[in-house]
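Colleague: I am new to this structure and would like to go through it by question and answer. Please show it first.

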Amino acid sequence: QYSPDSVAGADGEIDPTEITFPGCSCRNSSCVAAECPCLSRGQNYSSLCLRLAGQEEQQFSRPVFECNSLCQCGDWCQNRLVQRGLQLRLQVFRTESKGWGVRTLEPVPEGSFVCEYAGEVLGFAEAQRRVQAQTPQDPNYIIAVREHLHDGRVMETFVDPTHVGNVGRFLNHSCEPNLFMVPVRVDSMVPKLALFAATDIPAGEELSYDYSGRFRNSPGTSREHKPLEEENSLRKPCYCGARTCASFLPWDSSLFSTP
């Protein structure tokens with residue numbers, strides 16, 4: 001079932017459509033950082049692009065909060081981007097060795113929003129149950145996104161587009177991707193998993209991101225462990241063809257472990 005936005009999972013534990021953030025009282029058609037509480041909370045857009053800060057500039061990236069449905073600003077406020085949804089012409093196509101993939105039919109400038117990875121938003125228990133019910137032959141679309149806060153806490157979001165999702169479910173992994181994922185919050189603390197262009201992307205190029213979250217992250221923030229040799233037999237091979245290819249798709253043991 002196609003859905004442009006994430007929906008509550010079958011476990012009913014998390015509702016991504018619930019509105020819990022207050023709206024701004026900006027009367028302008030487009031908010032300005034000095035006056036808007038939404039913009040003052042975190043990182044801002046510039047000319048409808050997300051500015052990419054290098055690791056040498058800051059140890060932690062700032063969160064992204066868009067203006068929401070309770071805000072007084074206009075629909076075309078500069079701080080409303082991901083919520084507008086897919087604006088590019090993308091194409092799902094059959095790759096030579098990776099199954100389905102997605103390519104862009106038009107040039108994409110660096111920092112541009114491409115699409116959301118939408119699906120059912122699950123609690124940990126349901127995400128773990130679904131992963132453990134899969135056979136080695138089943139494709140795994142469940143993504144676990146962990147945000148590491150400055151005080152040591154970790155916020156987890158689990159999204160499964162296996163049965164309900166959008167074009168993002170067809171994006172392949174690459175060890176040298178041209179997209180990167182950013183959690184963007186609009187109405188609540190449940191983020192939209194937004195994918196932005198990591199570089200200028202020409203028309204016709206396949207779109208990909210690093211499933212592990214290593215890309216543009218500080219070393220050591222991923223909970224992906226170095227698998228034991230016997231675990232490699234359970235892992236899926238990587239066919240990205242990158243010069244630095246890790247040979248296997250990213251591995252995260254937390255959803256596979258039993259209490």
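Colleague: How many residues apart are Glu126 and Arg130 in helix 2?

Modeller: This is a predicted model, where local features need pLDDT of at least 70, side-chain atom pairs count only at pLDDT 80 or more, and totals for chains, interfaces and linings use all residues. Residues are numbered from 1 along each chain as its sequence is written, and side-chain values use heavy atoms, with hydrogens and water left out. Helices (H or I, at least four residues) and strands (E, at least two) are DSSP runs, numbered from the N terminus. Glu126 and Arg130 are both in helix 2, about one turn of the helix from each other, which is 4 residues apart.

Colleague: Which residue of strand 8 forms a salt bridge with Arg130?

Modeller: A salt bridge is a side-chain nitrogen of Lys or Arg within 4 Å of a carboxyl oxygen of Asp or Glu. Arg130 meets Glu126 in this way at 2.8 Å, N to O. Another such pair of Arg130 has an N to O distance of 3.0 Å and links distant parts of the chain, helix 2 and strand 8, 10 residues apart. The partner in strand 8 is Glu120.

Colleague: Is Arg130 buried or exposed?

Modeller: Buried means under 20% relative accessible area, exposed over 50%, and partly exposed in between (1.4 Å probe, protein chains only). The relative accessible area of Arg130 is 13%, so Arg130 is buried.

Colleague: Which strands are at the edges of the sheet with the order 1-8-10-9?

Modeller: Two strands pair if DSSP finds at least two bridges between them. The sheet is open, with 4 strands and mixed pairing. Those that pair on one side only are strand 1 and strand 9.

Colleague: What angle does helix 2 make with strand 8?

Modeller: Helix 2, residues 124-133, packs on the sheet and touches strand 8 and strand 10; contact means heavy atoms within 4.5 Å. Axes are lines fitted to C-alpha atoms, for helices over the stretch in contact, and angles run from 0 to 180 degrees between N-to-C directions. The direction of helix 2 makes an angle with that of strand 8 of about 110°.

Colleague: Which residue forms a salt bridge with Glu156?

Modeller: Glu156 is partly exposed, at 36% relative accessible area. Glu156 is in strand 10 and the partner in strand 9, so the pair ties together parts 10 residues apart in sequence. The closest N and O atoms are 2.8 Å apart, and the partner is Arg146.

Colleague: How many residues of strand 13 are buried?

Modeller: Lys192, Ala194 and Phe196 point one way from strand 13, while Leu193, Leu195 and Ala197 point the other way. Strand 13 is largely enclosed by the rest of the structure, because the buried residues number 6 of the 6.

Colleague: How many bridges join strand 12 to strand 13?

Modeller: A hairpin through 6 residues connects strand 12 to strand 13. One bridge pairs Leu179 with Ala197 in strand 13. The two strands run antiparallel, and the number of bridges is 6.

Colleague: How many disulfides does the count come to?

Modeller: A disulfide is a pair of cysteine sulfur atoms within 2.5 Å. For Cys24, the nearest cysteine sulfur is that of Cys71, 3.6 Å away, and Cys24 is in no disulfide. The count of disulfides comes to 0.
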